[in-house]
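Trainee: I should like a close look at one loop of this model, set in the context of the chain around it. Please explain how its accessibility class is assigned, and then relate the loop to the rest of the fold.

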Amino acid sequence: MTAATDPGALMAEVIGRLCGPGGEFEIAEQDVLGVSMPVFTHRERSLGELLVAAGEHGDRDYLVTADRGISYAEHAAAVASLARELATVHHVGKGDRVAILAANSPEWIVAFWAAASLGAITVGYNAWWTPTEIRY
């Protein structure tokens with residue numbers, strides 16, 4: 001016969017293994033802009049670092065929709081291409097705002113990451129807005 005396990009104790013043990021010292025999702029108190037707070041210690045420090053790290057997954061699936069899939073490598077290439085276009089043709093750079101008006105789609109995600117890779121700030125518009133609301 002197996003011994004009964006306390007679900008609360010089991011949960012605490014699992015969280016401890018994952019988030020405790022040496023865990024894959026280790027959490028520790030660190031100073032963030034002058035405020036001490038719990039943070040993941042093994043995190044990327046910026047969206048740029050996160051984008052670079054994502055590219056290391058190569059041909060693995062990144063986005064999968066009902067009708068297509070995009071690998072990490074394809075995503076990285078699309079982001080780089082759009083970022084180049086935004087920078088050279090539209091002169092988008094750090095601190096500029098880039099509005100994205102699109103339905104939820106892989107292209108929305110590519111646009112977000114392209115702008116972020118340039119240090120721009122993305123502004124998400126609601127795809128259900130009327131033309132009058134969008135112009136405003």
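Mentor: A residue is called buried when its relative accessible area is under 20%, exposed when that area is over 50%, and partly exposed in between. The structure to which this scale is applied here is a predicted model.

The loop in question connects strand E5 (97-100) to helix H4 (106-117), and Ala102 lies in it. The relative accessible area of Ala102 is 29%, so this residue falls into the partly exposed class. Apart from neighbours within four places in sequence, the contacts of Ala102 are with Trp108 and Ala127. Val79 offers a point of reference elsewhere along the chain: 23 residues separate Val79 from Ala102 in sequence, and their C-alpha atoms are 16 Å apart.

The helix that follows this loop also takes part in a salt bridge. Glu107 pairs with Arg68, with 2.6 Å between the closest N and O atoms. This pair links distant parts of the chain, since Glu107 belongs to helix H4 while Arg68 sits in the loop between E3 and E4, 39 residues away. Both partners are partly exposed, because the relative accessibility is 43% for Glu107 and 36% for Arg68.

The loop that carries Arg68 belongs to a hairpin, in which 4 residues join E3 to E4. Strand E3 (residues 61-64) and strand E4 (residues 69-71) are antiparallel and pair over 3 bridges. Within that pairing, Val64 is placed opposite Gly69 in E4.

The model contains 2 salt bridges by the rule applied. The other case to consider joins the side chains of Arg17 and Glu13, at 2.5 Å from N to O. Here the partners are 4 residues apart in helix H1, which means that about one helical turn separates them. Arg17 counts as exposed because its relative accessibility is 62%, whereas Glu13, at 39%, counts as partly exposed. As background, side chains of opposite charge can pair when their charged atoms come close.

Helix H1 leads to another surface feature. Leu10, Val14, Leu18, Phe25, Ile27 and Phe40 make up a nonpolar surface patch whose accessible area is about 500 Å² in total. Helix H1 (residues 7-19) is the largest contributor to the patch, supplying 3 residues. Ile27, another member of the patch, is located in strand E1 (residues 27-32). With a relative accessibility of 38%, Ile27 is therefore partly exposed.

Strand E1 runs antiparallel to E2, and 6 bridges join the two. One facing pair across these strands places Ala28 opposite Val39 in E2. The hairpin of E1 and E2 has 2 residues between its strands, and in it Leu33 adopts a positive phi near 55°.

Beyond this hairpin, Thr41 occupies the loop between strand E2 (35-40) and helix H2 (47-55). Thr41 is a useful comparison for the loop you asked about: its relative accessible area is 18%, so Thr41 is buried, whereas Ala102 is partly exposed at 29%. Outside the residues up to four places away in sequence, Thr41 touches Glu26, Ile27, Ala28 and Gln30.

The whole chain supplies the remaining context. The protein chain has 5 helices and 6 strands, arranged along the sequence as α-β-β-α-β-β-α-β-α-β-α. The radius of gyration is 21 Å, well over the 14 Å that the globule rule gives for 136 residues, so the chain is more spread out than a compact globule. Its C-alpha trace extends over about 65 × 45 × 35 Å along the principal axes.

Of the 136 residues, 20% are buried. The accessible surface of the chain is about 9,900 Å², and carbon and sulfur atoms account for 60% of that area. Among contacts with a separation of 6 or more, 47% join residues 24 or more positions apart.

Key
Residues are numbered from 1 along each chain as its sequence is written. This is a predicted model: local features need pLDDT of at least 70, side-chain atom pairs count only at pLDDT 80 or more; totals for chains, interfaces and linings use all residues. Side-chain values use heavy atoms; hydrogens and water are left out. Patches are made of residues with over 30% relative accessible area and no salt bridge: like charges are joined within 9 Å, nonpolar side chains (Val, Leu, Ile, Met, Phe, Trp, Tyr) within 5 Å. Accessible areas come from the Shrake-Rupley method with a 1.4 Å probe; for residues, only the protein chains shown count as cover. A salt bridge is a side-chain nitrogen of Lys or Arg within 4 Å of a carboxyl oxygen of Asp or Glu. Buried means under 20% relative accessible area, exposed over 50%, partly exposed in between (1.4 Å probe, protein chains only). Contact means heavy atoms within 4.5 Å. The radius of gyration is taken over C-alpha atoms; the globule rule is 2.2 Å times the number of residues to the power 0.38. Two strands pair if DSSP finds at least two bridges between them.
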